Amino acid sequence: MEDPISPKSSTPPWASGEQPTPASQPGWPPAAREAGSGRGDGTEEAARAYQAAGAPKFNDVPVEPLPYHRLWKADPFHRWWKPLVEFCISGPVYLVLAILVSIPMLVAPLLTGSAPVTIGPNGYPEGMFSSPFTFLIMFLSIALMAPCVILGRLIMGPRPLGLLFSVAGRLRWTWLATCLTIGFVLFVIVQGLTVLLSAATGEETPTPSFDPRTGVWILLIILIVVPIQCAAEEMVFRGFLMQTVGRWLKHPLWAVLLPAPFFVLSHGYGLWGLISVGILAVIAGVLCIATGGLEASIGLHVGNNVTTVLLGLFGLADPFGAVATGPSDAIVTLVVEGLYAVLVLWAARRRRIPARRDPAVTWQAWPGWALQNAGVGPRVPTTH
């Protein structure tokens, strides 16, 4: 069972009439900290002294459990404009890093006399399965999203950093392992049945092939770098974007649907391939809200990408969408990923995975928050 994040009691200090003791808050000027350090600490007079000394205004104290896309409310100092600055930090840093990482891939042919890298109509380099270096650069350039998003979140918040991953304020490793297991088992079974069904019905199937000179290296990249690439995309499109939308719009439907087109347009597939990507985006977003974190969406993304790219390595699939797909592919995607969602939601219910953050966790993280507005208790939360 996942470690609980809620304390034994979720009763706020002011519920019994007791005023909480203020703590040294980040960003408070020295005079504000000194104002509550003497006699009367934790009283209404001390709280007024905090404000008189220039303590910054807090956000409304959360009095209801917070869903994943609204976790900004767990930080008393988060502001509506901070996600915009966060993007202005992480976006340019990622662009620079992606260019720097891609330069060797473009320069290497000039130095070695080999054929230059060409980009196919799907937006991906051609011949990736014959060049471990190109394969690595391709996926590494996407995986670099992860440190860039973390950098922006470290600077702008909300705090703690782990709110990016789940309502527990951290990545729930045991739950992540469960989701990865469900994803791998499901997609391996489905991909295996698809190959066997094609052979049984007499359909023309590709002949398996594997070049150990390059295939071993690519296999290692698939097992190490591709999962990081998937997690990085989830941190951006389900983590950063969903929580950004949740900063401005309360209903979870907006947080699920509005980031989906950005995820779809980041892929260079045909129409039905893009529809399949859109299905994954919506299901992953729903799972983030329903399970309170990125673990379920990471399990879905990793299971799908790793199994598909492995089939491509052995010549049994086209993971980069160069071959035209049809509506049947989107239907299969909906059925398989819908089944994954059902299994994950069932496992989350059995394990009692928290989908919301208990306000008491926030009160403990920011002890002085209850003293806002002269220490008379929390205001009624406003609707944004």
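Reader: Why is Glu234 called buried?

Author: The relative accessible area of Glu234 is 0%, and buried means under 20%, exposed over 50% and partly exposed in between, with a 1.4 Å probe and protein chains only, so Glu234 is buried. This is a predicted model, in which local features need pLDDT of at least 70 and side-chain atom pairs count only at pLDDT 80 or more, while totals for chains, interfaces and linings use all residues. Residues are numbered from 1 along each chain as its sequence is written, and side-chain values use heavy atoms, with hydrogens and water left out.

Reader: What makes the contact between Glu234 and Arg238 a salt bridge?

Author: A salt bridge is a side-chain nitrogen of Lys or Arg within 4 Å of a carboxyl oxygen of Asp or Glu, and the side chains of Glu234 and Arg238 meet at 2.7 Å, N to O, so the pair fits the term. Both residues belong to helix α7 (residues 212–248), where being four residues apart separates them by about one helical turn; helices are DSSP runs (H or I, at least four residues), as are strands (E, at least two), numbered from the N terminus. Arg238 counts as buried, at 2% relative accessibility.

Reader: How do you know that the charged end of Arg238 sits over the ring of Phe263?

Author: The term asks that NZ of Lys or CZ of Arg be within 6 Å of the ring centre and within 35 degrees of the ring normal, and the charged end of Arg238 is placed over the ring of Phe263, 4.3 Å from its centre.

Reader: Why is Arg213 called exposed, and what is Asp211 called?

Author: Arg213 has 69% relative accessibility and therefore counts as exposed, whereas Asp211, with a relative accessible area of 31%, is partly exposed. Their side chains meet in a salt bridge of 3.2 Å, N to O.

Reader: What makes the pair of Phe210 and Phe314 stacked?

Author: Rings of Phe, Tyr and Trp (its six-membered ring) pair if their centres lie within 6.5 Å, and planes under 30 degrees apart count as stacked, over 60 as edge-to-face and the rest as tilted. Phe135 and Phe139 have 4.8 Å centre to centre and 40° between the planes, a tilted pair. Phe210 and Phe314, in contrast, have 5.0 Å centre to centre and 20° between the planes, a stacked pair. Phe210 lies in the loop between α6 and α7 and Phe314 in the loop between α11 and α12 (327–351), so the pair ties together parts that are 104 residues apart in sequence.
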